[in-house]
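Work through the exercises below with the sequence and the coordinates at hand. Each task is followed by a solution in steps.

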Amino acid sequence: MISIWEKGVFFAPQDVIIIGSGFSGLWSAFYLKKKHPNLKITVLDRGVLPCGASTRNAGFACFGSLSELMYDSKTMGVDKMLELVELRFKGLQRIQKHFKKNIDFSLTGGYELFYEPSTTTAELENSSGYLNTLLKPITSLKNTFTLSDEKLAPFGFSSTNHLIENSLEGYLHPGKLLRCLLQKVQGMGVLVMVGIDVKNIQKRGVLMKVNTNAAYQFSAEKVLIATNAFAAELLPHAGITPARGQVLVTSPIKALPFKGTFHSDEGFYYFRNVGNRVLLGGARNKAFSQEETTDVDLSDAIQKTLERYLAEMVLPTCKEPYTIEHRWAGIMGMGRKKTPVVEQVEEGIFCAVGLGGMGVALAPEIGNQAAKLLMD
């Protein structure tokens, strides 16, 4: 049983309850409170930390590699691809505006490796020129993507034939970003409660009744579901599929020759430096069906694939011995389409899910959209 003191504070009816304290949920709370300071808002999460990908990603500040955007332009259409890039780009700008000094944000440059012999310089220049024209209204740069083959040797990428650079990308510390967001929204008066696993939401007059694992009940006029990869549990018809992203980190390498963020294979492989360590993730495209899971355990097959890629593509010229010191997995949420799902599900219930592995960049804009939707 709860006390009258708890009932009057922690379980009092709210204006908005947000389910999920990852980036989507916290950015939504931030913009709701910023625009409507008197709103009573509670954020609920099942874990001590968000269970998805917010603090379990690679810490990239990116908006799409050359091959990924070329693929998207063919499969989604040019207009939808540009709409998605603009959301990501604006999201990164919002992060820099509010938190850049405290989250190890650095525009070190982003790069894409092309190692197939069939990929020619002319082909890459044509693709870059095409996308640069399309992206100029978004990035304000004449050349967002540039051929940087001269950096292959200094970076030690002897197994790679071409390198495309994007000077507007870099990295950040996702743990510090989440901490900053938590501190910010709590300072604005948002209540964040962890260890609360929401089982279902019921309409009760003008209030939504939120039932949880611990026999607790919360109520609010409006509920926002921002659980992304785990959305299917509360939104079985939303079409959100979980996707596990696996990561490894090496021991320190004193003479690590590169700094920045790197992609290949339409973004399915990605690596960066963390100080003088290498963080490498991806290879989900080698086992799509097996990686459609909410299980954060690691797959031996994917980890071995990553280790081979590390040795053959990332550190082919490294003579210094190294070991793998850290491994983990995060769960992303993939929608039927690549664009996020921000919509009203039914009266009083809304969602902001399906960020497609780009939650760091997308969440600020998606949170802003969700806040507007809830208060319209």
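Arg327 is partly exposed, at a relative accessible area of 35%, where buried means under 20%, exposed over 50% and partly exposed in between (1.4 Å probe, protein chains only). The model is a predicted one, in which local features need pLDDT of at least 70, side-chain atom pairs count only at pLDDT 80 or more, and totals for chains, interfaces and linings use all residues. Residues are numbered from 1 along each chain as its sequence is written, and side-chain values use heavy atoms, with hydrogens and water left out.

**Exercise 1.** Find the salt-bridge partner of Arg327 and say which elements the pair ties together.

Solution. Step one is the criterion: a side-chain nitrogen of Lys or Arg within 4 Å of a carboxyl oxygen of Asp or Glu. Step two is the pair: Arg327 meets Glu307, with the closest N and O atoms 2.7 Å apart. Step three places both residues: Arg327 is in strand S16 (residues 324-334) and Glu307 in helix H8, so the bridge ties together parts that are 20 residues apart in sequence. Helices (H or I, at least four residues) and strands (E, at least two) are DSSP runs, numbered from the N terminus. Step four is the cover: Glu307, at 31% relative accessibility, is partly exposed.

**Exercise 2.** Are Glu291 and Arg244 buried or exposed, and what joins their side chains?

Solution. The side chains of Glu291 and Arg244 form a salt bridge of 2.8 Å, N to O. Glu291 belongs to the loop between strand S15 (277-282) and helix H8 (300-314), and Arg244 to strand S12 (residues 241-250), so the pair links parts 47 residues apart in sequence. Glu291 has a relative accessible area of 2% and is buried. Arg244 is buried too, at 8%.

**Exercise 3.** Count the salt bridges, then place the one between Lys203 and Glu347.

Solution. The criterion yields 15 salt bridges. In the bridge between Lys203 and Glu347, the closest N and O atoms are 3.9 Å apart. Lys203 sits in strand S9 (residues 198-204) and Glu347 in the loop between strand S17 (341-346) and strand S18 (349-353), so parts 144 residues apart in sequence are tied together. Lys203 is partly exposed at 43%, while Glu347 is exposed at 56%.

**Exercise 4.** Which lysines gather in a patch of positive charge on the surface?

Solution. Begin with the rule: patch residues have over 30% relative accessible area and no salt bridge, and like charges are joined within 9 Å. Lys and Arg count as positive, whereas His and the chain ends are not counted. A lysine's charge is placed at NZ. The patch holds Lys34, Lys35, Lys97, Lys184 and Lys372. Of these, Lys97 lies in helix H4 (residues 78-99) and is exposed, with a relative accessible area of 65%.

**Exercise 5.** How many disulfides does a search of the whole structure find?

Solution. The test is a pair of cysteine sulfur atoms within 2.5 Å. The search finds zero. For Cys180, the nearest cysteine sulfur belongs to Cys62 and is 20 Å away. Cys180 is buried at 10% relative accessibility, and Cys351 is buried at 1%.

**Exercise 6.** Where does Leu168 lie, and how many Å separate Leu168 from Lys199 in space?

Solution. Leu168 is in the loop between strand S6 (162-166) and strand S7 (170-171). Its relative accessible area is 21%, which makes Leu168 partly exposed. Leu168 and Lys199 are 31 residues apart in sequence and 41 Å apart in space, C-alpha to C-alpha.

Conventions
Patches are made of residues with over 30% relative accessible area and no salt bridge: like charges are joined within 9 Å, nonpolar side chains (Val, Leu, Ile, Met, Phe, Trp, Tyr) within 5 Å. Accessible areas come from the Shrake-Rupley method with a 1.4 Å probe; for residues, only the protein chains shown count as cover.
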